[in-house]
Amino acid sequence: MVKCEKSPIPPESLAIEKQKGRNGKYNKPDVVEQLAKDFSNKCYICELKDISDPQVEHLVPHHNGRDIDAMFDWNNLFFSCLHCNGLKNKQEYEGKIIDCCKDDPEVHLHCLYDKGNVSIHNKDEDEKSVLTAKLVDEAFNASNSGIRIYASQHRMDKLQHEISLFLIR
Ligand SMILES: [Zn+2]
């Protein structure tokens, strides 16, 4: 997870769709395109690039539209992959993940590479630091299903590829 600058102007469709209430769509093409641009086409949780299944992720969940403001708030919309979107969808993470558009995650999180393994640790004991470290670590290491083993391995391979490119430079 790295700091991201989100464009300050919300895509136009959000206000229009919000008027439709729960039936409105927060993932119209203008929203997805702007998020892809702002997040450099990377999942904000695992940093996987060129995601094939991009999701419009809500930092604070909208509970099937019961929280209309959270559903259409541009500042609450993030770009993620399907894998991480699924992992984050747990009550323990609700409202407790670092907002990487406002706060710099690298101040709170530390990434450790060791013999092809990656693990994420919190640098301070703030609840958000602890839970964000847990979530990002899970994104790389969750392996309680076949799909997840594949997805985690895929992430690790891509990350190692990026690290080797970085070292060559
Ligand atoms: Zn991801």
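Good morning. The chain I am presenting averages a pLDDT of 90, and 92% of its residues score at least 70. This is a predicted model, and confidence varies along it: helix α1, residues 13-18, has the highest value, at 98, whereas helix α7, residues 146-168, has the lowest, at a mean of 72. I would ask you to keep that figure for α7 in mind.

Let me turn to the overall architecture. There are seven helices and four strands. Read from the N terminus, their order is α-α-β-α-β-α-α-β-β-α-α. Along the principal axes, the C-alpha atoms fill a box of roughly 50 × 35 × 35 Å. The radius of gyration is 16 Å, which agrees with the value near 15 Å that a compact globule of 169 residues would have. Of those 169 residues, 31% count as buried. Among contacts with a separation of 6 or more, 59% are between residues 24 or more positions apart.

What does the interior look like? The largest nonpolar core comprises 32 residues, and those with the most contacts inside it are Cys43, Tyr44, Ile45, Cys46, Val136 and Ala139. Two or more core residues come from each of α2 (29-38), α3 (68-72), β2 (77-80), α4 (82-88), β4 and α6 (127-141). Which element gives the largest share of this core? That is α6, with six residues.

Helix α6 therefore deserves a closer look, since its share of the core is the largest, at six residues. It has 15 residues, and the distance from its first C-alpha to its last is 21 Å, close to the 21 Å expected at 1.5 Å a residue. The buried residues of α6 are Ser129, Leu131, Thr132, Ala133, Leu135, Val136, Glu138, Ala139 and Phe140. Polar residues such as Ser129, Thr132 and Glu138 appear in that list. Val136 shows how the helix meets other parts of the chain: leaving aside neighbours within four places in sequence, Val136 is in contact with Met1, Ile45, Cys46, Leu109 and Ile120.

Ile120 brings us to the hairpin. It belongs to strand β4, residues 117-122, where Val118, Ile120 and Asn122 point to one face and are buried, while Asn117, Ser119 and His121 point to the other and are not. In a regular strand, side chains alternate between the two faces of the sheet. Strand β4 pairs with strand β3, residues 109-114, in the antiparallel sense, over six bridges. Within this pairing, Val118 of β4 is the bridge partner of Tyr113. Two residues lie between the strands of this hairpin, and in it Lys115 takes a positive phi near 45 degrees.

Positive phi angles also occur in the loop between α2 and β1. Ser40 is placed in that loop, with β1 spanning 55-58, and has a positive phi of about 50 degrees although it is not a glycine. Glu47 is found in the loop between α2 and β1 as well; its positive phi is about 65 degrees, and it too is not a glycine.

Are these two residues buried or exposed? Ser40 counts as partly exposed because it has 13 C-beta neighbours inside 10 Å. Glu47 has 20 such neighbours inside 10 Å, and so counts as buried; the threshold for burial is 20 or more.

To close, I would return to two points. The core of 32 residues includes Val136 among those with the most contacts inside it, and Val136 is in contact with Ile120, one of the buried residues of β4. Thank you.

Terms used:
Residues are numbered from 1 along each chain as its sequence is written. This is a predicted model: local features need pLDDT of at least 70, side-chain atom pairs count only at pLDDT 80 or more; totals for chains, interfaces and linings use all residues. A residue is buried if 20 or more other C-beta atoms lie within 10 Å of its own, exposed if 12 or fewer, and partly exposed in between; C-beta atoms are placed from the backbone. Two strands pair if DSSP finds at least two bridges between them. The radius of gyration is taken over C-alpha atoms; the globule rule is 2.2 Å times the number of residues to the power 0.38. Two residues are in contact if their C-beta atoms, placed from the backbone, lie within 7 Å. A nonpolar core is a set of buried Ala, Val, Leu, Ile, Met, Phe, Trp, Tyr and Cys residues joined through C-beta atoms within 7 Å. The expected span of a helix is 1.5 Å times one less than its number of residues. pLDDT is the predictor's confidence in each residue, from 0 to 100.
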